[in-house]
Structure formats: structure tokens, C-alpha cells
Protein chains: 2
Amino acid sequence: MRVLLVGAGGVGTAITRIAARRSFFDHIVVADYDLSRAEAAVAALGEGSTRFSATRVDASDQAAVTALLTQERCDVLLNATDPRFVMPLFEAALEAGAHYIDMAMSLSYPHPERPYETCGVKLGDAQFERAEAWEQAGRLALVGVGVEPGLSDVFARYAAEELFDEIEEIGVRDGANLTVDGYDFAPSFSIWTTIEECLNPPVIWEKDRGWFTTPPFSEPEVFDFPEGIGPVECVNVEHEEVLLIPRWVDAERVTFKYGLGDEFIETLKTLHKLGLDRTEKVTVGGTQVSPRDVVAACLPDPATLGDRMHGKTCAGTWVKGTKDGQPREVYLYHVVDNQWSMREYGSQAVVWQTAINPVIALELLADGTWSGAGILGAEAFDPRPFLNLLTEYGSPWGMRDQ
Amino acid sequence: MRVLLVGAGGVGTAITRIAARRSFFDHIVVADYDLSRAEAAVAALGEGSTRFSATRVDASDQAAVTALLTQERCDVLLNATDPRFVMPLFEAALEAGAHYIDMAMSLSYPHPERPYETCGVKLGDAQFERAEAWEQAGRLALVGVGVEPGLSDVFARYAAEELFDEIEEIGVRDGANLTVDGYDFAPSFSIWTTIEECLNPPVIWEKDRGWFTTPPFSEPEVFDFPEGIGPVECVNVEHEEVLLIPRWVDAERVTFKYGLGDEFIETLKTLHKLGLDRTEKVTVGGTQVSPRDVVAACLPDPATLGDRMHGKTCAGTWVKGTKDGQPREVYLYHVVDNQWSMREYGSQAVVWQTAINPVIALELLADGTWSGAGILGAEAFDPRPFLNLLTEYGSPWGMRDQ
């Protein structure tokens, strides 16, 4: 198998480090808009770098990506860029006859009149519209296969197959206790993206209603995360799992709640109240700036904080239903300790936890364990081999009966 | 009496409207950096404008202000600009042999090593250093004679003279229930100035310790304001009264607490946590902007909000001590309803409440009821005539025994 990895940022770099320890592939071409980032990712592999090469590509240039896939005879394109580049990369893969994997889906747009009740354009809609073309070409677009979405979807399918007869609710729950030395307030992920994600109308799925939206930060709950993380305030956030899981897993309700914590939620609400979340520019002393860019410029760059970060991050899927006529409730989860991921891979925990999952997916495609054509989420496949590989990679998952 | 009023902003304009109804003065020259603002203030007086004239002056140009005072044969300079211009106007008045009145004193600078324990340069220090020159010239600088400081200091002196034998604490307490139609969040005063005032180390005076500082937002308390305003969360804020009252009134302790309300306090804390209160510029997409200027640019201009504002603002002085051997506690206060001040004077309540006090002070100087030389606060004078004029002007004060 030959792979074109597009994007050598935090997640792309961690992908190379995880893949370098596995034998399932022949070659990975690491491509980035900034050639020096791609080269740095390959160089950092040291002796393990022989199966990797670096090149420059503009992810927004579909023709250039198609040409690169053809020239490098790649079987699959792994997209590790930000969601703005999903569509050109997805189309380039189809055009070049390659399979495609991403970790976030095409962007949503709120309903123009009733944004907090009704979906507008949903996450992934632009990709699902192209399903027939992919099926006819016999190529697979494996969408949303990071940790969330991705591993969370695998957990949902696993619960449906092995743990429950009937499922009342599947709720993805994400929480952490990460802190950064020397800062009162230093998000471990891009504040720009977090504002985008958290202030978009959250989406919920119910069997009777289908997909619908709510106001931001709806349905707050305190969720108790495992392995010492403890209780964190979680709220509904727009996320791909809610769009993916109901397509392949039978449940009454599907939600995604992000453990932002009450301090972070209040901070985002305050930014919104003051209009500082806006991306439209305002005039300040004769110059024009986007308030959200100013907020980002006032905070440290999260990519540089791994060395000063402490704590664990947890991704998981809480499922409530019945088994053998008895009520049951479980939380299937995966925890990464930042100290461990920094020591073992030189990668910050949040980034590393995202990166391991597409590598496992590649391995399952390479050995034929997972195969298919069209637009499929991780929950469309047998979950057991995925979970077994997670443990084999040295990063086991857990389950809590509650 | 001929007066030079410098500053035709909200407060300066309200001063002309209040003064126009009184006969104690011969002429007021209204001067502003922007001549059209001065002209608009005079024109708005209609038939009452005959004793007023408009001119342009740069308040930072001491020589120009001195020349204007001499040319216009003014007896007194009334400073209605922002505190950056206190020192040039104060010096210009002395140089021209005029008396001087302001509503805020020269600026403070925090202690370089222990900002939240020890005073650095205090509010008014630069003015008090010049006391001897004013005394020798036989001219009066009547400092801090707005509503707070100003009327609050008059209340303190009144309490000491007529209501108490011994005073344990004098605490100025300021609160409002103003709301603005059509805005979730619209401060009724400059957010730039409020950040400055509230994030400076608050100052406290105690007889045993003298002046000292604390961290911002210290000693929160809920104070119940009269006339339907009700309970508001108040915190210590740096303010002139704490520097003025102990010089002329005997008390064990003097504080100033601002009823910002918990929402506003949390908003200011969040801005500080994110570094958005900073005035030093940050680089955003190649341009340089001050984050605090961006925050101000995102909010509506409070000067334009009078028509959409509802509610009342209260300024007052709470005093605790003993009288005739019995414990006593009173709150002396002055409330302005925005609907009333808009209807009667076309001025927003906060601005109008500030403006009435220097007009009363001018009237007391004009008829010789108040006189003196040097740097004096309102509490250096007999409070009764001031309070009587407040009632005579149609805006009575109140007292609550508690």
C-alpha cells in the first residue's frame, strides 16, 4: 500500500510517528503546503524514515493533488488538514481512483431562519451527495476516522453488536483535565476552531424527529470521566458522530457533548456576548481586524504547549439501553496521558489520540479486514479488529459499567 | 463670575443645560478640541444661550489654555475632560490666576513591585504636590467635585458633622439598574475607562495603616440600593474619595465599592484572563492593534444610548459609627431616573448626575458661601448649603437609616 498523507501539522506529524512502527504499508508521501513542515516530519523519524518521502502540495488545488496521487501511484489519500480542504481532497482522490480517509467532514451552514431548531447544510452533506459516484467507481471514502469522530463511532457499533439488544441513547462524551504550566488560561486546542465548533448550533438525532438543532451550550450535564479525570461540565456541540452513527446503528437518540468545563463555557459565552467571536472585521483606529483573530493572537499557540502540558484526555461513547431484558449503561473510552504521549512519540496527547485511529484504519484496509465502496463511517465496519489493533498498538481502550 | 468650561462631551453638555437655568454667573465659555461639539452644546440651549459662547482649545496645550483664560477674563476653569488632561488644565488655571474645578483627579500608577499591597503614585498626588503654590497664589483648586467623587464627599462631611460622634467606616457605594433596549450587553459608560478603573489596584484607607491597595474586585458584598434598584454585587475599585475623605473627615476606615454586578465583574475578569484588557498592541494578520481598543470597537458607543436606556442610577455614602453612645448606620444617597433626566435635560442619567455637582460648586463659589485657597476636596467645606442647593435644583437627596 502506498499512501498520500496531506498535512504535516500536529496530527499529520503524529501519524508518521505511529505508522513508522508498523509494517503494513510500503510508502507514505508526506505532503504539505509548507515543504519544510513535511521534511521536518520525515526527518524526525530518523532510521524509520526510509519508507517516507516529503513533498509540497496545495490542498485546495484539486488538480495538483490528483496529479500527485497518480504520479506517486498512491492507493489512498489520508487527509490530515483542516476541514476547509475536505472537498478538494475528497474529489481529487475519486478522480485519481484512490481511496480516501479523513478525520472531519465537509462543513455545515446554519439554517438561515431557524438556526437553533432546524438543520441547514449538515456536516458531511456535501460528501454524502457524492455517494453514488464513489460506489460506481468502487472506491471507499472512509469519513470521520479520527478519535472523535472515529473511535467514538467504533465504540457505538461495538456496543450495538456485543453489549445491547436495544439502545435508548448513544452519547459521545469528551473530557480532559489538561493544564498548562505558566498560564492561567491556555486552551490545548485552537481557540479559533473551538469558537467555531461551540457556537455553531449543536445537532441532535432522535428516531422520531430525525436531525434537529438547539441553541449553543444546550443540555448541560456533569459527566464523570474515568482514570482520575473526574467530573467535567459537558454541553451539546455540533459533531460528526451525530450525523454518522444513526446511518448504521439503531438507537432512539444520538448526541455529542463536549466537556468544556464551566469556566471555558462561560468564557465562550462572554466572547459571544461582547461580539468578540465575530470573524467579520471591525474598524479600530483606522485599521480593519477580525475580533476572533485578535482573541487568538492574545493567547499562546497550543501547538507549542506540549512540553508544559499535564494531565489526560478522554474520548468515549456512553450508551444506555437494555440487554437480556435488563437495563444497562456503559461508557466505552480511550484515555491518553500527555506525559506518556510526549515521552513515547513527542506528540501532545490530544493530537496523538486523533492520529492513531486513521493509522489503524489504513492497516485494516491494507490487509483487507475492512473493505467497501461509497461513503462510509467507521461504524459501518466490524469494530472488533479495530479495537484489537488499538490494544496491540499499546494504547488500550476501557469500559465502565455504570 | 466668568467661567471657562473645557470639554463639551456628555458631562460638559449637561453642565451647560443645568447652568443655563441659574443666574449666579455672567458668562460661560464652552471650549472643546472639536469646535463643532462646543457650538452644538451652546446652540442646544436655544433662548438660554445668550450667556454662553463656544471656542476651540486643545486641553493638552497649557499655554493655549492660559491664554484663553486671560483673554476671556475667566475667574474659574471648570474641567470636564477626561483625566489625562487634569495636569495641563490645573497648571494653566494657576498660571492665569483663575480658580479650578475638576471631577476626577490626576492619574495613579501602581507600585512596581507590590501593586496589590502598596500604593504607587496615588490619584491626585501630582495635584497635592502643588498645594503650596496654590495657597501662596490665594487661588482654589476644588478637586473631585462630580457626583463620585464630589457629592459622595459632601455626604461624608455631612455625616461627620450632623449624624455621628465617632465613625467606624465610610464606604462610598455606587449602583444602578440601567438597561439598554436591543442589546444583551451595553455598558452605560466607556468600557475602555471602566477596564482601566476596575483593573487598577483598589485603594483602601485605614487609620492605623494609611493608604494601601488590594487585588482587583476585592471584598465583594451585595449592597441593597434604594428607590427600587435593589441588591447589586459591589467590589472595591480605585476612586478619589478614598484619597480625599481621610484628609478632612475623621474615620477609622474609608472604602469605595462599585456596584458592577456579578455579570459585569465576570466579564471584566474574563477579558483580563484572555489578555484582552491590554493596551499594548498585538500583531494580527500583519497589522498592530490594542486588544482593549478592539473590545471597545465591538460594543455600542454609550454616549448614543440615552434614548434606549431605562432605569435609575444611585450614588451615595454609607456610614457606620456611633451617635450619643448608640450604634448607627446610614446611607446618604442621590438617585437619578434616566427617563426623567432625558425628558428634563436631554441628558443620560449617569452623565447628568455627574454634571449637576460642579454647577452647584460654582454657585457656592460665586456667592462666597464656599471660599478658600490651595487644593481642597468638597469635604473641606460646609456641606449644608451644597445639599440645600441640590434640592433647590429639583433633584433632592435621600437618607436611609439601616
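Begin by selecting A:Glu263 together with B:Lys273, which in this predicted model form a salt bridge whose closest N and O atoms lie 3.0 Å apart. This pair belongs to a total of two salt bridges counted between chain A and chain B. If you then display the polar contacts across the interface of the two chains, you should find six residue pairs, with both residues of each pair at pLDDT 80 or more.

Next, colour the side of chain A that touches chain B by secondary structure. Two helices, α10 (262–273) and α11 (291–298), and two strands, β14 (282–284) and β15 (287–289), each supply at least two residues to this side. Among these elements, α11 of chain A gives the most, with six residues. If you recolour this side of chain A by residue class, the tally is 13 nonpolar, five polar and four charged residues.

Now widen the selection to the whole contact, which takes 22 residues from chain A and 22 residues from chain B. Between them the two chains bury about 1,900 Å², and 77% of that area is on carbon and sulfur atoms. To see where chain A contributes, select A:Lys273, A:Leu274 and A:Cys298, since these residues supply 31% of the area that chain A buries against chain B, more than any other three residues.

From here, turn to the cysteines. How many disulfides does the structure hold over all chains? The count is zero. A disulfide is a covalent bond between the sulfur atoms of two cysteines. Select B:Cys298 and look across to A:Cys298, which carries the nearest cysteine sulfur, 12 Å away, and note that B:Cys298 is in no disulfide. B:Cys298 counts as buried because its relative accessibility is 12%.

Then move to B:Cys234 and ask why this residue has no bond to B:Cys314, the cysteine with the closest sulfur. The two sulfurs are 9.8 Å apart, which is too far for a bond, given that the cut-off for a disulfide is 2.5 Å. As for its surroundings, B:Cys234 has a relative accessibility of 0% and therefore counts as buried.

Finish at B:Lys122, which sits in the loop of chain B between β5 (99–101) and α5 (125–128). Is this lysine, B:Lys122, buried or exposed? With a relative accessible area of 18%, B:Lys122 is buried, the cut-off for that class being under 20%. To view what surrounds B:Lys122, show B:Ser106, B:Leu107, B:Ser108, B:Trp211 and B:Leu243, which are its contacts once neighbours within four places in sequence are left aside.

Methods:
Residues are numbered from 1 along each chain as its sequence is written. Chains are lettered from A and ligands numbered from 1 in the order in which they are written. This is a predicted model: local features need pLDDT of at least 70, side-chain atom pairs count only at pLDDT 80 or more; totals for chains, interfaces and linings use all residues. Side-chain values use heavy atoms; hydrogens and water are left out. Buried means under 20% relative accessible area, exposed over 50%, partly exposed in between (1.4 Å probe, protein chains only). Contact means heavy atoms within 4.5 Å. Buried area is the accessible area (1.4 Å probe) that two parts lose on being put together, summed over both. A salt bridge is a side-chain nitrogen of Lys or Arg within 4 Å of a carboxyl oxygen of Asp or Glu. A polar contact is a pair of N or O atoms within 3.5 Å; within protein, one must be able to donate a hydrogen and the other to accept it, and residues adjacent in sequence count only if both atoms are side-chain atoms. Helices (H or I, at least four residues) and strands (E, at least two) are DSSP runs, numbered from the N terminus. Ala, Val, Leu, Ile, Met, Phe, Trp, Tyr, Cys and Pro count as nonpolar, Asp, Glu, Lys and Arg as charged, and the others, Gly among them, as polar.
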